[in-house]
Amino acid sequence: FRTKYTGGVLPVFLKLLVVWLDPFTITWFRFLTAGILMAPVLLSRHGTAGLKIRGTPLLVVGIVGLCGNYVIFLTGLRYISPGTSQVIIQLAPMMVLLGALVLFKEPFRGVQWLGLGLLVVGLGLFFNMRYGVLLYEFGKYSTGVLLVALSAVFWAVYILAQKQILIYMKPEGVLLYVYFFGSTLLLPMAHPGRVLDLDG
């Protein structure tokens, strides 16, 4: 899932897909498929020992965090371009760094502060011609920007929870449970049958 933030191709495909399918259905399929593919890998490497659940409250936070990130990102993508979404989602790793600084007292080096400053300046330059639209004409564009920024918050919550879950569980186990429980959580809101309406 990290390629969603570092590669520019996936948001383009998702932008096309979200025209035909709702965010819950798309995310449900992504989670279910990833879970099915991940299960044999986990079992072959760690056996049933990799399926032991520990740190349950943090796991719940992680599941909600990643579900929220995927669904809200797709919802925001309905209103803005893939390029704009890629710029805004860069807030996510910075939120993780700041969250680790506050919650876990991790060191924050001068280079990281410089990176944060450059990100803020870069975002300011990117939206330079759109301040009026963002602040005074609250419409589709502003809604999309805020939703993608909110999805970055959910992703940061997931990563910060995962950092602590990994003390108790293996990374493959964490992902497997996030995918399977996430797809279960999303199923009541998803419409899997609509995939049959898609053309080749």
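In the predicted model, leucine 166 contacts Pro171 and Val174 when neighbours within four places in sequence are left aside. Leucine 166 is located in the loop that links H9 and H10. With a relative accessible area of 36%, leucine 166 is classed as partly exposed, because this value falls between the 20% limit for buried residues and the 50% limit for exposed ones. The C-alpha atom of leucine 166 is 9.9 Å from that of leucine 59, although 107 residues separate the two along the chain.

The loop leads into helix H10, which comprises residues 171–186. The end C-alpha atoms of this 16-residue helix are 22 Å apart, which agrees with the 22 Å expected at 1.5 Å a residue. Buried positions in H10 include Glu172, Gly173, Val174, Leu175, Leu176, Tyr177, Val178 and Tyr179. Gly182, Ser183 and Leu186 of H10 are likewise buried. Among the elements that cover the buried residues of H10 are helix H3 (23–46), helix H4 (56–77) and helix H9 (140–165). Valine 178 provides a detailed view of this packing. Apart from neighbours within four places in sequence, valine 178 touches Phe31, Leu59, Ile63, Leu66, Tyr158 and Ser183.

Several of these residues recur in the nonpolar interior. The largest nonpolar core contains 44 residues, and Phe31, Leu59, Leu66 and Val178 have the most contacts inside it. Two or more residues of this core are contributed by each of H3, H4, helix H6 (91–103), H9 and H10. H9 supplies the largest share, with 11 residues. In soluble globular proteins, nonpolar side chains tend to be buried together.

Valine 148 lies in helix H9 and is counted as buried, at 0% relative accessibility. Beyond neighbours within four places in sequence, the contacts of valine 148 are Phe73, Gly76, Leu77, Ile80, Ser85, Ile88 and Ile89. Between valine 148 and glutamine 86, which are 62 residues apart along the chain, the C-alpha separation is 9.0 Å.

A further set of contacts involves alanine 92, a residue of helix H6. Alanine 92 is buried, its relative accessibility being 0%. Once neighbours within four places in sequence are excluded, alanine 92 is in contact with Ala152, Trp155 and Ala156. The C-alpha atoms of alanine 92 and alanine 152 are 4.5 Å apart in space, whereas the residues are 60 positions apart in sequence.

Helix H4 contains asparagine 69, a residue that is buried with a relative accessible area of 0%. A polar atom of the asparagine 69 side chain is positioned 2.8 Å from the backbone oxygen of serine 151. Tyrosine 70 is also part of helix H4. Tyrosine 70 has a relative accessibility of 4% and is therefore buried, the limit being under 20%. The C-alpha atom of tyrosine 70 is 6.3 Å from that of threonine 27, despite a separation of 43 residues along the chain.

At the level of the whole chain, the secondary structure consists of 10 helices and zero strands, following the pattern α-α-α-α-α-α-α-α-α-α along the sequence. The chain has 200 residues, of which 39% count as buried. Among contacts with a sequence separation of 6 or more, 81% are between residues 24 or more positions apart. The accessible surface amounts to about 10800 Å², and carbon and sulfur atoms account for 71% of this area.

Confidence varies along the prediction. The chain has a mean pLDDT of 85, with 88% of residues reaching 70 or more. The highest mean, 94, belongs to H4, and the lowest, 44, to helix H1 (residues 3–6). Residues 1–6 have a pLDDT below 50, and this stretch makes 19 contacts in the model beyond near neighbours in sequence.

Key
Residues numbered from 1 in each chain as written. Predicted model: local features only at pLDDT ≥ 70, side-chain atom pairs only at ≥ 80, totals over all residues. Heavy atoms only, no water. Helix = DSSP H or I, 4+ residues; strand = E, 2+ residues; numbered from the N terminus. Expected span 1.5 Å × (residues − 1). Buried < 20%, exposed > 50% of the residue type's maximum accessible area, 1.4 Å probe, protein only. Contact = heavy atoms within 4.5 Å. Areas by Shrake-Rupley, 256 points an atom, 1.4 Å probe, with all protein chains shown as cover. Polar contact = N/O pair within 3.5 Å; in protein donor to acceptor, adjacent residues only side chain to side chain. pLDDT = per-residue confidence, 0-100. Core = buried A, V, L, I, M, F, W, Y, C linked by side-chain atoms within 4.5 Å.
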